[in-house]
Each structure stands twice: as C-alpha cells, then as structure tokens.
Amino acid sequence: MPPKSTNITTEEQKRILENSSSVIKQQIAQMKKCLETKNKFMDSLKHVSNFLTELKTSALTPKQYYELYILAFDGLEYFSDYLKDDKPNLNLDDLYELVQYAGAIVPRLYLMITVGTVYMSKEGAPIKNIMKDMMEMCRGVQHPIRGLFLRYFLSQRTKDLLPATFTDEDGRGDLADSIQFIISNFIEMNKLWVRLQHQGHSSERLKRIAERQELQILVGSNLVRLSQLEEVDKNYYKKHILPILLEQIIQCRDVIAQEYLLDVIIQVFPDDFHLITLDDFFEATLQLNPEVSLKKILITLIQRLIDFKKREPDFIEQFDALSLADIFDKFISFINKLNELKPDLSGEDYSSILETLAQLSIAYYPNNYDNINSIYAYAIEKFNTLKKMENNQQNAYWKSLLMIPVESFTDAKSLLQLGTTYLDFFEAQTHAIRTTISLEIIDKFLEKQTKITEVEQVDKIFEILKTLIVVQEDPTIKKLGLEKHAVMTSTLFGNGVIANEEALDPIEIVLQQEKLAKFIHLLYNKNPYKNFELLKQARQFLTLGKLRVKYTYPTLITCILRLIRKLNLIKRIETKQQKLLVANFFKFISGLINEMTEYSISPPTCLNYNLITAELADEVALVDIAYDFFIDSFVMYEQVIVDSRLQYQSLMNIYNKLYNSHKMIELNLENFDQLITKATLYGSKLLKKTDQCRAVYSAAHLWWIIKEIDTDSSVSSTSSFGVSNIVSPHISLKKDHKRVLECLQKALRIADSILDVNQISEWIN
C-alpha cells in the first residue's frame with residue numbers, strides 16, 4: 001500500500017489506482033479459486049483480507065476510491081454468497097468472532113460486516129446484538145473517506161435485514177432499533193463528511209468542497225433508507241425521527257451539510273409528513289448557519305407542497321391532521337421571524353421566497369386574495385428598505401414576483417380582485433418592468449378572451465396598463481428642464497399642430513399600442529348602454545396618451561359604432577327617449593374625433609370617421625346629428641386637408657356618403673340641399689381642372705337620387721335585342737333637373753378649358 005501523502009500528483013494517483021485495482025482483481029481471483037477448493041477456506045479469508053487492505057489508501061480522490069470500493073464490493077458479494085450456502089463445517093457464529101482478529105482495522109471491519117450480515121439473515125440470529133456490535137466497531141475508522149465508504153457498506157449490507165415491525169420477536173430487535181441504527185449511522189457519517197472540509201491546507205478549500213459534493217450521496221442514503229420504512233407514520237416521524245435529524249443538522253454548523261441534508265429531507269419523505277412538521281422545520285431553519293441559502297431550502301419545500309396539491313387534490317381536502325387554513329399563516333409567521341433575525345437578507349432571496357409563497361397560496365387557496373395582498377405588502381416594505389440602503393436602481397428580480405398572479409391564476413380576471421398593494425408594488429418598479437408586466441397581462445386576457453364587464457374592473461386594469469398609455473418623459477430633457485414643442489404648420493397650408501414625435505414611433509411602441517387596441521375589444525357587456533359606460537371609462541385613461549390616441553381611439557370609435565348598429569338591429573332607437581340616449585353615443589364619438597384632430601392625427605382618417613358616423617346617424621334616422629357630422633367634415637376639409645390629391649379623394653368620399661343619406665332627404669330636405677350645395681361648390685374650387693371637372697359632374701348625382709326598394713317581386717322587361725332584364729323597383733327621392741343640367745354644363749366648360757389634349761377622357765366622361 002502506498003504511503004500517505006498530501007502532495008500527490010494526478011499522474012501518481014492514476015498509477016496508485018491502477019496498481020491497487022490490479023491487486024484487488026488478483027486477490028479476488030485467488031479467493032474464488034480457494035473457495036472452490038476443498039479445505040482452502042482459511043486461505044480464501046487471507047485473500048479477502050489482502051484485497052481489502054487496498055482500501056486503506058489515503059492517496060486517492062473520492063471518485064478514484066469509489067472505483068476501488070466497487071471492485072472490493074463485488075468480491076465481498078461473491079464471498080457473501082458463498083457463506084449463505086449452508087456449509088456443514090462452517091459455523092457463522094464462530095466465523096463472525098474469528099474475522100474480528102484480522103490485523104488491520106479496515107479489512108477487519110469489512111469482513112465483520114460481511115459475515116455479520118450473513119449471520120443476521122439466518123434463523124434465530126441475535127440481530128439486535130450484531131447491529132449494535134457492528135455500529136460500535138465502525139467507530140474505529142475516523143478517516144473521512146475511508147469511514148464514509150465503510151459506513152455506506154454497512155448501510156448497503158443491512159438494508160433488507162433490519163427489523164421492519166414494531167414487534168420485538170425473541171429479543172431480535174424491532175423497528176425502533178432499526179431506526180436508531182440508521183440514525184446513528186447517519187450521524188457518524190455526517191461528522192466524517194463535515195470533518196473532510198477541515199483537512200489539508202486552506203488553499204485546497206475549493207478542492208475539498210468538490211470532494212464533499214462527490215461524497216454527499218453516501219450521507220444522504222441513510223435518509224433515503226429512513227423514508228423507505230413502511231411502518232413509520234407521520235406522527236412517529238414527527239416525534240421520534242425529525243427532531244433527531246434536525247438537531248444533528250443544526251449542530252454540525254456546516255453550510256454544505258445543512259443545505260444538502262435539509263434538501264434531502266424535503267425530497268425523500270412523504271408530502272403529508274411535511275404538512276404536519278412545518279413548525280419544527282421552520283424553527284430549525286432559523287437556527288442554521290447564517291451563510292445557508294434559506295431561499296433554496298424554502299423554495300424546494302414550497303414547490304414540493306404545491307406539486308402535492310396538484311397531484312393529489314382529493315387527499316389534501318381530506319387531510320385531517322392539520323387545518324389547511326394554517327399552512328399559509330405558518331409561512332407568514334416564519335417570514336416575520338425571518339425579518340427579525342435576518343434583516344439583511346438580500347432582495348433577490350426575499351423576492352424568490354415571496355414568489356413561491358404566492359404560488360402556494362394560489363394553489364391551496366385560489367379564492368383567498370387577502371393572502372396575495374399580504375405578500376405584496378411584505379414586498380413593498382422590503383423593497384423600500386432596500387431602496388434606502390442600496391440607493392440604486394430597482395432590481396429586475398422583483399418582476400417574477402409581479403408575474404405570479406398573471407401566470408398562476410386560471411381566470412385572468414382574478415388579477416382584478418387583488419388589493420392596492422399589488423398596484424403599489426407594481427408602480428414602484430422601473431418603466432421597463434412595468435411595460436413587460438402590462439404586456440403579459442394583456443396577452444393573458446387576449447389568450448383566454450376574458451371580457452371586462454364592470455366599470456370597476458376597467459379602472460383596475462387600466463391603472464396597470466397606464467404604463468403603456470402614458471408617454472415616458474425623456475430623462476435628459478426632464479433633467480435639463482426643457483419641454484418638447486410641437487411644430488406649428490403655416491396657415492397657408494392649413495391650420496393645426498403636428499407634434500414632432502408623431503411622425504415615427506419606434507416599432508416596439510407601435511406593437512405595444514396595437515396590442516392595447518386589441519385589448520379594448522374585450523371591454524364588453526351584453527347591455528349596450530353598460531358597454532358604452534365601459535368604453536367611456538377606458539377613454540379617461542387612453543386620453544392620457546396624447547399622441548398615442550392615434551392607435552387606440554379608432555378602436556374606441558369602431559366599438560361605439562358597433563353598439564349603435566346593435567341597438568338599431570334590435571329596434572331600440574325608435575322612441576324619443578331611446579334616441580336621446582343614443583345621441584350620447586354620437587356625442588362621445590365626436591369628442592374622440594375632435595381630440596384626434598387637435599393632435600393632427602391623420603386628417604384623412606379623422607374625416608373618414610366623421611363621414612362613417614354621419615352615415616350611421618342618417619341610417620338610424622338621427623338626421624340632425626348626421627347633419628352636424630357632415631358640417632364637421634366640411635370644416636375639417638377646409639382647415640386640415642391641404643394636399644390637392646387628398647382633397648379630391650376626400651370630396652369623393654363626402655359625395656358618396658351624401659348620396660346614401662336617404663333619411664335626411666326624407667326628414668330634412670333643406671339641410672340636405674345646403675350640404676350638397678356646399679359640396680358641389682368645393683368641387684368647383686379644386687386646384688386641378690381635371691379634378692374640378694370630375695368633381696362637378698360627380699356632384700350632379702347628388703341632385704338626382706333614386707332609392708331601390710327591396711321586395712320579393714321584381715319587374716321583368718325585354719330589351720330591343722330580345723334579352724330579358726330584371727328591373728328592381730325603385731323610387732325617386734330627389735329630382736332637380738335644373739341643378740343636374742347646371743352641373744353637367746359646368747363640367748363641360750371646365751373640360752373645354754383644359755389645354756392638355758391627353759385629358760380627352762374628361763370629355764368622354
């Protein structure tokens with residue numbers, strides 16, 4: 001066996017491993033040969049002792065030592081199988097005593113455990129005494145690596161041999177003795193494991209940490225074995241097992257050991273065991289080494305309980321050993337103690353703990369919004385404390401905490417049930433975080449197509465979405481005390497204000513506003529009048545966006561027009577009272593269009609909405625309102641539409657809407673005549689003569705209007721060519737031969753004055 005050295009190179013370690021492996025294999029082969037030969041049993045014991053001697057080395061890393069251990073383990077398994085076969089000349093009691101006279105302690109103990117466990121498997125064996133004997137003898141190996149593997153071997157060999165019931169048969173021991181055996185082995189292994197950290201030079205600290213992480217599974221195997229004892233119930237675990245485990249974990253004061261072992265306890269023991277031991281567990285965590293990551297431990301525990309709730313909801317509801325209403329309160333009580341004992345806990349860790357706690361509350365108490373409110377109250381308090389202490393920008397890790405209700409609630413509207421603490425915490429974050437959260441909330445509503453049906457809900461959701469609505473001030477301009485000024489257009493080209501930032505918005509802003517516009521469609525109530533109130537309330541927030549209303553107001557207008565059409569379809573715009581109510585809808589649209597006009601937002605679009613609204617007002621027989629919208633359109637045409645091509649296109653649109661204003665012709669012909677006269681005059685004043693000519697002869701149609709009547713019958717006639725034509729019945733709403741003639745003559749004179757021979761098409765028209 002090589003001498004012990006602390007400065008062995010990697011190459012030397014490889015050489016030692018190869019030599020030791022070769023020796024073990026050779027000795028195992030010799031052992032097998034002796035066992036197969038009569039009267040060679042004592043020689044085989046010598047070969048077993050020889051290959052076990054190689055396990056005395058201290059020169060190998062844990063991984064390399066494990067390779068030797070596996071080779072030796074295989075050899076001992078073969079030897080054990082031989083002993084299990086009944087041999088007439090072999091007395092296990094005498095052999096168990098004999099192997100304890102081996103010279104070196106490591107081979108002696110491995111042989112003792114091998115023979116002892118075979119002896120335990122025999123009928124009538126004194127199991128309890130053998131367990132105690134092996135446990136005491138293993139204390140003789142105090143080298144961390146050798147001792148850990150020796151005790152791991154003891155755990156493996158006795159796994160299926162320990163008493164499994166609480167009934168003590170003939171003094172052979174019971175389950176309590178088995179539990180004591182496993183716990184004692186765990187305590188000793190943990191001491192060896194922790195001791196490894198303090199060996200060697202301080203410069204090798206990281207190396208020791210890596211070695212300990214490689215060995216941690218050996219220690220954790222004892223806890224796994226405890227969790228596999230079927231006769232142990234949650235009450236026995238609470239009284240007799242967990243207190244001893246927690247005491248040992250606390251006393252070791254080692255960060256790596258405490259974090260790992262608590263994680264193993266959480267992972268291996270049943271979920272209902274954790275539910276009744278929360279107080280004990282929390283009390284222990286507060287006594288851990290200050291450097292232990294409580295975040296990791298608590299998140300693991302909470303996530304385990306959440307998964308249990310999702311996996312077995314029926315079992316949770318029938319759980320009688322604990323009032324489930326206490327679970328959240330226990331965690332809150334722990335948070336209070338944590339704040340007292342560790343006021344310097346980092347914001348990231350605190351946020352992560354609150355995040356998983358919020359998930360727990362939603363999983364166990366989905367309708368208890370007070371729990372979530374209290375979590376955000378704690379978050380605000382910690383956030384403000386850290387802000388004063390750190391005096392820096394808010395950290396992004398709080399974003400995950402804000403996302404919990406968005407991601408965890410199945411019904412998106414549950415978010416609106418939260419109190420003011422969520423909004424207060426939301427508003428304390430950076431603009432970037434608030435924007436991200438707002439977009440996620442909109443996505444949630446859009447994905448589920450969740451409708452907002454109450455005014456109070458509109459207020460709550462738009463308080464959050466206000467981040468997307470309000471234009472963020474430029475910090476540089478704000479710091480210098482400057483203001484953005486709009487660019488005034490010359491009166492020569494029309495009056496209005498065109499803001500310098502209206503021209504081009506960043507693509508991300510455009511996408512955000514488009515998503516916000518989609519969200520407006522979710523403001524819905526079956527009652528059109530209540531639906532109108534929702535949209536009115538939304539406008540109170542959308543107007544704060546100033547120039548950004550160009551993205552959202554068109555959607556608002558469309559929604560209002562849809563409501564009016566719905567009322568008309570169900571014949572709710574017939575009485576005077578109903579018409580007065582619907583007049584408010586049109587007044588609201590007018591306000592939206594006027595506001596867009598003030599910001600000079602796409603004048604052709606504003607004009608088009610005016611004309612669409614005028615057409616709808618005429619359709620529902622509110623001709624005075626239709627007249628007002630046409631007048632507004634004319635004013636907009638005169639003051640805002642300055643491009644000659646746009647003027648012509650806008651005028652054609654006006655002509656089209658006027659031609660279809662049949663109710664105004666029937667109910668107020670005087671107003672209609674004023675409108676078409678003014679419209680015709682606009683056509684004659686266009687800049688280009690070709691546009692004048694087209695506009696004037698198009699205006700001739702406004703003085704001769706025919707309305708088709710929808711009936712089931714139709715008139716059939718035969719042309720001079722023998723072709724049968726279907727003629728729909730119609731009536732003449734307006735016939736003014738004189739004005740039609742004047743328009744056509746005016747158009748001819750304009751066409752005659754056009755010098756360009758290429759404009760012959762105007763003559764043809």
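## Close-up views of salt bridges and a surface patch

The structure holds 23 salt bridges. Welcome to this predicted model; the legends below visit some of its salt bridges, then a patch on the surface.

**View 1. Lys295 and Asp349 meet in a salt bridge.** Look for the closest N and O atoms of this pair, which are 3.6 Å apart. Lys295 belongs to helix α14 (residues 294–311), while Asp349 belongs to helix α17 (residues 347–364). With their positions 54 residues apart in the chain, the two partners link distant parts of it. Lys295 is partly exposed, at 21% relative accessibility. Asp349, in contrast, is buried, because its relative accessible area of 18% falls under the 20% cut-off.

**View 2. Glu615 and Lys657 form a salt bridge between two helices.** Here the closest N and O atoms are 3.1 Å apart. Glu615 sits in helix α28 (residues 603–619) and Lys657 in helix α30 (residues 644–659), so this pair ties together parts of the chain that are 42 residues apart in sequence. Glu615 has a relative accessible area of 24% and is partly exposed. Its partner Lys657 is buried, with a relative accessible area of 10%.

**View 3. Arg645 and Asp691 join helix α30 to helix α33.** The side chains of Arg645 and Asp691 meet in a salt bridge of 3.8 Å, N to O. Arg645 is in helix α30, the helix that also holds Lys657 from the previous view. Asp691 is in helix α33 (residues 689–699), and the pair links distant parts of the chain, 46 residues apart. How accessible is each partner, Arg645 and Asp691? Arg645 is partly exposed, with a relative accessible area of 42%. Asp691 counts as buried, at 3% relative accessibility.

**View 4. Four charged side chains share a network.** Which residues are linked here by salt bridges? They are Glu136, Arg139, Glu188 and Lys191. As you explore this view, try to find each of these four residues in the network.

**View 5. Met42, Leu98 and Tyr101 make a nonpolar patch on the surface.** After the salt bridges, this last view turns to nonpolar side chains. The patch made by Met42, Leu98 and Tyr101 covers about 360 Å². To find your way, start from Met42, which lies in helix α2 (residues 41–53). From there, look for Leu98 and Tyr101, the other members of the patch.

Terms used
Residues numbered from 1 in each chain as written. Predicted model: local features only at pLDDT ≥ 70, side-chain atom pairs only at ≥ 80, totals over all residues. Heavy atoms only, no water. Patch = residues over 30% accessible without salt bridge, like charges linked within 9 Å, V, L, I, M, F, W, Y side chains within 5 Å. Areas by Shrake-Rupley, 256 points an atom, 1.4 Å probe, with all protein chains shown as cover. Helix = DSSP H or I, 4+ residues; strand = E, 2+ residues; numbered from the N terminus. Buried < 20%, exposed > 50% of the residue type's maximum accessible area, 1.4 Å probe, protein only.
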